[in-house]
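Biologist: Hey, got a minute to walk me through this one? I'd like to start with how the strands sit together.

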Amino acid sequence: MSYEIIIGLEIHVQLQTKTKIFCGCSTVFNPDHPNVQTCPVCLGLPGALPVLNEHAYYLGVKTALGLGCQIAPYTKWDRKQYFYPDLPKGYQISQFDLPFSHHGHVDVVTRDSETDGNKQPTVRRVRILRAHLEEDAGKNMHDESGRGRDSKVDLNRAGTPLVEIVTEPDLRSADEARRFLEELRLMLTYLEVSDCNMQEGSLRCDANVNLHVTQPDGTKVPTPIVEIKNLNSFRFTEQAIEYEVARQWEAFQQTGIRMGAKGGHKRTVGFDPNRGTTYPLREKEEAADYRYFPDPDLVPVMTTVEKVDSIRAEMCELPANRRQRIIDEFQLSPYDAAVIIDQGRAVADYFEEIAKSCRDGKQAANWLTQDVQAAMKERAETISTFPIRPNVLSALLDRINKKQITIKSAREVFAALLEDADGGAVLSVDRIDELVKSRGLAIVQDTGAIETAIAEVLSRNAKAIADFKSGNEKAIGALIGQVMKSVKGADPQTVREKLLAKLAE
Ligand SMILES: [Zn+2]
């Protein structure tokens, strides 16, 4: 028997609004001061009326367009019955049968070219069933000391706008699920709709997992679906799915229980990262238990094709499109393109500025992914605070391309520029030329000076010449070194060629 892994995800994304979705309270993450960002609306006091925050809808539409979704011309709000103290109204305002957007897709690179930079990556298309808007709940805090029975609730988060994104069960491994989430997070940060801070709970994921087992007679049997709730890191998501797959396979081999059979109902579990295992949670409610009905306090939202198009026009290029474009435009490998784009918009912008200006994409990519990144790491800086701005770096690369300095000398200038910056200097292109001059790094184009130096060096190195002519090719290294010492800044390649020509005479 063999099996196929079937995974669908539900992702909750907090939208980056200043205020909550149905009231004017702040959405700032503020765990040290519970219950200060509340008002009668989000406290659920009688008579308080919600009003939609238009910016939340706007960010929701942007998110949905990024997912390639269609935007519904008419959408409404529904109450989902909910019995926990972190939503004091007793219900959550959500969207049931008419979500504001539906039917999109995200393409995920499932096997990339880490080992072969030029191979085209493999892509999985993950369909998006729907994306809807809703309010977040507050946070219950239970006393875990074992002494008291003290549970508290912080309602600062209650009413924060969320987009819930529901995928079709199109993912086929834990690794694919992680890559999908990484691509989604990248897209959301490019669009600036969410900060996607997982530690603060801005992005949470539920995973529905089961197996399609192919039996010896060729028929396929699905195992019962398990929903893993509230995964708050990509690594935990991957680990939890891997654990669930192994557990379900073992259970199926022992019991043969299939989805829908007796004992084969859908289950809800949590993930314990310390043990690396899942554990049962409350039984999954069916939609009927939620007793959805339209919220009479909120008017439906209607939109037009023109409005949606105007939001679309404000969107930046999506990471997937930008990866492909920089491959085509700057002849990068898919691997290099991914390394640059996956670090966010600011790094991608920095790259494009140097690549366009020095007209050498490969060179720009090498410097960005090696020298700049290493320096940034050492200096604990981000690309936006890095003192060598794109115009200065591209001027440096331009001097390499024009054979005015060697790559080795460029690295020396690069390090000197950073020292300058530490001394408080604002770096300019002129400073590059000053450093090249004061350190004698310019490649000497004067072939006369090189030839004179060669003649002089050869005249006092009879032994090295004899060694070289008797087959010891290493002897030429010492000769090149002496010429270079005499003509500081000579291009070693030119010296070598001229020296070999002279020796062949
Ligand atoms: Zn409020």
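Modeller: Sure, one term before we start: two strands pair if DSSP finds at least two bridges between them. Also, keep in mind that this is a predicted model.

Biologist: Okay, so what is the bridge partner of S2 in β11?

Modeller: That's T214. Strand β11 covers residues 203-214, and β1 pairs with it in the antiparallel sense over twelve bridges.

Biologist: And how many bridges are there between β1 and β10?

Modeller: Five, and that pairing is antiparallel too. Strand β10 is residues 161-167, and V163 in β10 stands opposite V13.

Biologist: Is β1 largely enclosed or not, and why?

Modeller: Ten of its 13 residues are buried, so β1 is largely enclosed by the rest of the structure.

Biologist: Which residues is L9 in contact with, leaving aside its neighbours within four places in sequence?

Modeller: Quite a list: I165, V166, T167, L171, A177, F180, L181, C205, D206 and A207. L9 also belongs to the largest nonpolar core, which has 66 residues. Along with I11, L67, I165, F180, I228 and I241, L9 touches the most other members there.

Biologist: Which helix gives the largest share of this core?

Modeller: Helix α3, residues 174-191, with eight residues. There's also a second, separate core of 45 residues, and A348, A364, F414 and A416 are among them.

Biologist: Back to α3 for a sec. R179 lies in that helix, so is R179 buried or exposed?

Modeller: R179 is buried, with a relative accessible area of 15%; the cut-off for buried is under 20%. Its side chain has a polar contact of 2.9 Å with the side chain of D175.

Biologist: New topic: what coordinates the zinc ion?

Modeller: Four cysteines do it through their SG atoms: C23, C25, C39 and C42, at 2.3 to 2.4 Å. Along the chain, these donors follow the spacing C-x1-C-x13-C-x2-C.

Biologist: What do C25 and C39 tie together?

Modeller: Both lie in the loop between β1 (2-14) and α1 (40-43), so the pair ties together parts that are 14 residues apart in sequence.

Biologist: And are those two buried or exposed?

Modeller: C25 is buried, at 9% relative accessible area. C39 counts as buried as well, with 18% relative accessibility.

Biologist: Last one: what are the angles among the four donor atoms of the zinc ion?

Modeller: They run from 101 to 117 degrees, and the site is tetrahedral.

Technical notes
Residues numbered from 1 in each chain as written. Predicted model: local features only at pLDDT ≥ 70, side-chain atom pairs only at ≥ 80, totals over all residues. Heavy atoms only, no water. Donors = N, O, S within 2.8 Å, 3.2 Å for Na, K, Ca; no water. Tetrahedral: all angles 85-135°; square planar, octahedral: opposite > 155°, others 65-115°. Helix = DSSP H or I, 4+ residues; strand = E, 2+ residues; numbered from the N terminus. Buried < 20%, exposed > 50% of the residue type's maximum accessible area, 1.4 Å probe, protein only. Core = buried A, V, L, I, M, F, W, Y, C linked by side-chain atoms within 4.5 Å. Contact = heavy atoms within 4.5 Å. Polar contact = N/O pair within 3.5 Å; in protein donor to acceptor, adjacent residues only side chain to side chain.
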